[in-house]
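Let's take a friendly walk through a protein model, stopping at a few strands, helices and single residues along the way. Keep the structure open while you read.

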Amino acid sequence: MKQDNLGNRIEELAIEYGKVVTHTGTELEQNSVNFFQKWFKHLEKIAKLPIETKISPVKNDHLNRSVCYALLQGKSKDTVVLIGHSDTVDIEDFGKIKDIAYEPEKIKEAFKNGQVDVLDKVKKDLTDEWLFGRGICDMKAGGAIEMALFEKYVQDEDFPGSVLLVAVCDEENLSAGMRHLSYILDDLNKRYGLNYKLIIDGEPHERIDKNTMIIYDGSIGKIMPICLTRGKLTHVGQVYQGLNPISLLSEIVSLTDLNQDFIETRGNTTSPAPTWLYQKDRKYVYDVSLPITSGGYMSVLPLTKTPKEIMEKLKEISVEAFENVINRTDKSFKKYLQASEEEGKIEYPTKVFIFEELVREIKKENKVDIEKILKDTEDKLTKMVNNGEISIPEAVFRLMEELLSNYSYRGPVVLWGICPPYYPSVNNLDLKNYKEMQELVEKMKDFTKENLDLKLDVQNYFTGICDLSYAMLTLDDGELSYVKDNFLMWNTYPINLDLIRKYSMPVFNIGPWGKDLHKYTERVSRSDLKYNTPKLMDFVIKEILK
């Protein structure tokens, strides 16, 4: 297939694919199945190599979504995996032009004639160079590039290796599709003996310099530590006889929010400091008592820090926070007692636990079957999450409260756990063949300069959080066990960490230039869509497989 024909085919696929309504986190995501079934039939007509196509239902998915994949087997078992997500965000921000949200030319015309207000920088892009439409950039364009290349390879009887193309669901929400991919990789490896060499994602990139293309050889991680503080109940008129869990959690938030100790720099990427996404007492009715518990969760975006390192640091800070609150409360109590010339002291043992630590503590008491209690509670909460009655974080809070209720000590406690979602941080430097990948990066730079007349900037981490996190896991056995023990509500976020670690492979994000992702002015560069990105992706695939 000549390059001009390839480019035209990519644009044709991008527009057709883009019109499929696949709003994330809804049953509309299943609309992609019909599109891929049609495309699979086309592959069967043109294929000169053995292929396997399949619609694979996501395990235990309450929306019954699927992952669609096609495998071509060339001259070797060495395999490149091409991934792209089929879901998009919704179209509510399109307002009165929602009915044309998937029509590139109509959208452009609506912007030109002023039906919808757009910024001057958008007006400058109302040219043939830019293709508009919901999902056309994020990321049906990247998917179309992978599909067109796959069509080209499947017609080449001398193709040097194998290629697995996968359209995953749910990337914009909780990555159910990518988590399911680990089972697909395992199944195909067992049946065909595939040797997975590289995974390429086609997510778009945004540019500072129009002449500098950006790719990524890693992706930032995300861990969501969740904290429950229990105080001591009392009437507000006798406040010193209790302890306010809000004060305890607030002190923890104060010491951890934007804490510089969590900032990391690796290569050319620096991670932002952590921040809290939610903080609230767990009191549902008004009365004149202190709340019993207060809860919150935060976002930490690591580059190299492991979950255990992060959680142990939070525990250390929480001990300091606990002691600060006790000292402050005691100081206030002494001031209160001055008028009566009485003496007293506020004292509580510093009780700070990571989830599994408290499980072990309760087991030592040997009064209840805590593992059965937790399993029954999690099963009940999972049904509530799947029925839309409560959120996953709320389910985690209730599981933590159940654990605390079975602890014989009834005083103040700080309890930490890990709440879904969990995205491991990944980078090719963490793998044994990192030198090979670094050599490939230099070849990619030369290729881009010589063949595309562009500069190539390789960023070490994609900082927007993406599906590539599930392509690699380099935790050792101890770290892996730690995550398994302290990651809560697995049933609502099933993730097979063992399989991800088993099939860990290098990663690249190679996608077209796009602008305004998730906005009604979302658009992708036609030059990148049709020429630059497919040429570079094709070069990388063949370099890996040759």
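Buried means under 20% relative accessible area. The model you see is a predicted one, and that cut-off will help us read it.

**Helix H13**

Let's begin with helix H13, which covers residues 477–486. Its buried residues are Glu479, Leu480, Tyr482, Val483 and Asn486. They take up an arc of only 155° around the axis, so they sit on the same side of H13. Which elements do the buried residues of H13 pack against? The partners are H8, strand S14 (352–354), helix H9 (355–365), S15 and helix H14 (497–502). At the start of H13, look for aspartate 476: one of its side-chain oxygens comes to within 3.1 Å of the backbone nitrogen of glycine 478.

Two of the residues of H13 also appear in the story of lysine 308, which belongs to helix H8. Setting aside neighbours within four places in sequence, lysine 308 is in contact with Glu479 and Tyr482. Is lysine 308 buried or partly exposed? Its relative accessibility is 36%, so it counts as partly exposed. Another residue to find is proline 412, which is 104 residues from lysine 308 along the chain, with 24 Å between the two C-alpha atoms.

**Helix H7**

Next comes helix H7 (residues 245–256), where you can do a small calculation. At 1.5 Å a residue, its twelve residues should span 16 Å, and the end C-alpha atoms are 17 Å apart, which agrees. The buried residues of H7 are Pro245, Leu248, Leu249, Glu251, Ile252, Val253 and Thr256. These buried residues pack against several elements, among them strand S9 (222–230), strand S12 (275–281) and helix H8 (307–337).

Both ends of H7 deserve a look. Asparagine 244 caps the N-terminal end, with a side-chain oxygen 2.9 Å from the backbone nitrogen of isoleucine 246. Just after H7, leucine 258 has a positive phi of about 60°.

**Strands and their partners**

Now for the strands. Strands of a sheet pair through backbone hydrogen bonds, in either a parallel or an antiparallel way. Here are three pairings to find in the model:

| Pair of strands | Sense | Bridges |
|---|---|---|
| S3 (residues 78–85) and S6 | parallel | six |
| S6 and S18 (residues 507–509) | parallel | three |
| S4 and S20 (residues 523–525) | antiparallel | three |

S6 is mostly covered, with five of its seven residues buried. Which residue of S6 stands opposite valine 81? That residue is isoleucine 199. Further along S6, aspartate 201 faces asparagine 509 in S18.

S4 and S20 belong to an open sheet of three strands, in the order S4-S20-S19, with antiparallel pairing. Strand S4 (130–132) and strand S19 (514–515) are the edge strands, each pairing on one side only. Helix H5 (residues 136–154) packs on this sheet and touches S4, S19 and S20, and its direction makes about 45° with that of S20. Within the sheet, leucine 131 stands opposite valine 524 in S20.

**Arginine 207, in a loop**

After S6 (195–201) the chain enters a loop that leads to strand S7 (212–216), and arginine 207 has its place there. Is arginine 207 buried or exposed? With a relative accessible area of 13%, arginine 207 is buried, because the limit for buried is under 20%.

Its side chain makes two polar contacts that you can trace. One is with the side chain of histidine 205, at 2.9 Å. The other joins the side chains of arginine 207 and aspartate 528, at 2.6 Å. Not counting residues up to four places away in sequence, arginine 207 touches Thr212, Met213, Ile214, Leu454, Trp513 and Asp528.

**Alanine 395, in helix H11**

Our last stop is alanine 395, found in helix H11 (residues 392–405). Its relative accessible area is 0%, so this residue is buried. Which residues does alanine 395 contact, leaving aside neighbours within four places in sequence? They are Leu381, Val385, Ile390 and Met489. Methionine 489 is 94 residues from alanine 395 along the chain, and their C-alpha atoms are separated by 7.4 Å.

Definitions and conventions:
Residues are numbered from 1 along each chain as its sequence is written. This is a predicted model: local features need pLDDT of at least 70, side-chain atom pairs count only at pLDDT 80 or more; totals for chains, interfaces and linings use all residues. Side-chain values use heavy atoms; hydrogens and water are left out. Helices (H or I, at least four residues) and strands (E, at least two) are DSSP runs, numbered from the N terminus. Buried means under 20% relative accessible area, exposed over 50%, partly exposed in between (1.4 Å probe, protein chains only). Contact means heavy atoms within 4.5 Å. Two strands pair if DSSP finds at least two bridges between them. Axes are lines fitted to C-alpha atoms, for helices over the stretch in contact, and angles run from 0 to 180 degrees between N-to-C directions. The expected span of a helix is 1.5 Å times one less than its number of residues. A polar contact is a pair of N or O atoms within 3.5 Å; within protein, one must be able to donate a hydrogen and the other to accept it, and residues adjacent in sequence count only if both atoms are side-chain atoms. The arc is that of the directions from the helix axis to the C-beta atoms.
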